[in-house]
Amino acid sequence: MFSELLQIWKHLTPQEIADKVKNFFFYYSINRHKATTVTPAYHAENYGTDDNRFDHRQFLYNPKWEYQFRKIDGLVKYYTLKKEKMAAKES
């Protein structure tokens, strides 16, 4: 996500994009469990309604995302240094 947004959001710095991505995933992880609360399926009909029985996606996440955020920080550092080197070559 970070790499894709880096290409799309040219008007923001890599650090700003990283902060937005980290903020998104933090709040996604602490609120994901709320999306799994559904009422039981209605079984009076012959056809089956979707009761999310077969939805095996994870719904409890660690909001720290240590590995992923460390990788994003590394990319921010890489792109910042790359930009500084290019600016130094131009001047």
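A residue counts as buried here when its relative accessible area is under 20%. K22 comes in at 17% relative accessibility, so this lysine falls on the buried side of that cut-off. Keep in mind that this is a predicted model. The chain has 91 residues, and buried ones make up 18% of them.

**Overall layout**

- The protein chain has three helices and zero strands.
- Reading from the N terminus, the order of elements is simply α-α-α.
- Helix α1 covers 2–8, helix α2 covers 14–31, and helix α3 covers 66–90.
- M1 sits ahead of all that, in the segment before α1.

**The salt bridge**

- If you search the whole structure for salt bridges, you get one.
- The partners are the side chains of K22 and D73, with an N to O distance of 2.3 Å.
- This pair ties together distant parts of the chain, as K22 belongs to helix α2 and D73 to helix α3, 51 residues apart.
- What about the burial of the two partners? K22 is buried at 17% relative accessibility, while D73 is partly exposed, with a relative accessible area of 37%.

**The largest pocket**

- Rolling a probe the size of a water molecule over the atoms is a handy way to see where empty space is left.
- In this model, the largest pocket holds about 300 Å³ of space.
- Its lining is made up of L6, Q7, W9, K10, L12, T13, P14, Y79, K82, K83 and M86.
- Two elements, α1 and α3, each give two or more residues to that lining.
- Which element gives the most to the lining? That would be α3, with four residues.
- By chemistry, the lining splits into six nonpolar, two polar and three charged residues.
- K10, K82 and K83 are lysines in the lining, and lysine counts as charged.

**A backbone oddity at W65**

- Most residues other than glycine have a negative phi.
- W65 is not a glycine, yet its phi is positive, at about 45°.
- You'll find W65 in the loop between α2 and α3.
- Is the residue buried or exposed? W65 counts as buried, because its relative accessibility is 16% and the cut-off for buried is under 20%.

**A nonpolar patch on the surface**

- M1, F24 and Y28 together make a nonpolar surface patch of about 300 Å².
- One member of the patch, M1, comes from the segment before α1.

**L5 and its distances to α2**

- L5 is in helix α1, and at 16% relative accessibility it counts as buried.
- From L5 to A18 it is 9.2 Å in space, C-alpha to C-alpha, with their positions 13 residues apart in sequence.
- L5 and K20 are 10.0 Å apart on the C-alpha to C-alpha measure, and 15 residues apart in sequence.
- K20 is found in helix α2, where it is partly exposed, with a relative accessible area of 46%.

Notes: Residues are numbered from 1 along each chain as its sequence is written. This is a predicted model: local features need pLDDT of at least 70, side-chain atom pairs count only at pLDDT 80 or more; totals for chains, interfaces and linings use all residues. Side-chain values use heavy atoms; hydrogens and water are left out. On a 1 Å grid over the protein atoms alone, a cavity is a set of points where a 1.4 Å probe fits but cannot get out, and a pocket is an open set with protein on both sides within 12 Å along at least five of seven lines; lining residues have an atom within 4 Å of a point. Grid points are joined across faces, edges and corners, and a volume is the space filled by probe spheres set on the points. Buried means under 20% relative accessible area, exposed over 50%, partly exposed in between (1.4 Å probe, protein chains only). Patches are made of residues with over 30% relative accessible area and no salt bridge: like charges are joined within 9 Å, nonpolar side chains (Val, Leu, Ile, Met, Phe, Trp, Tyr) within 5 Å. Accessible areas come from the Shrake-Rupley method with a 1.4 Å probe; for residues, only the protein chains shown count as cover. A salt bridge is a side-chain nitrogen of Lys or Arg within 4 Å of a carboxyl oxygen of Asp or Glu.
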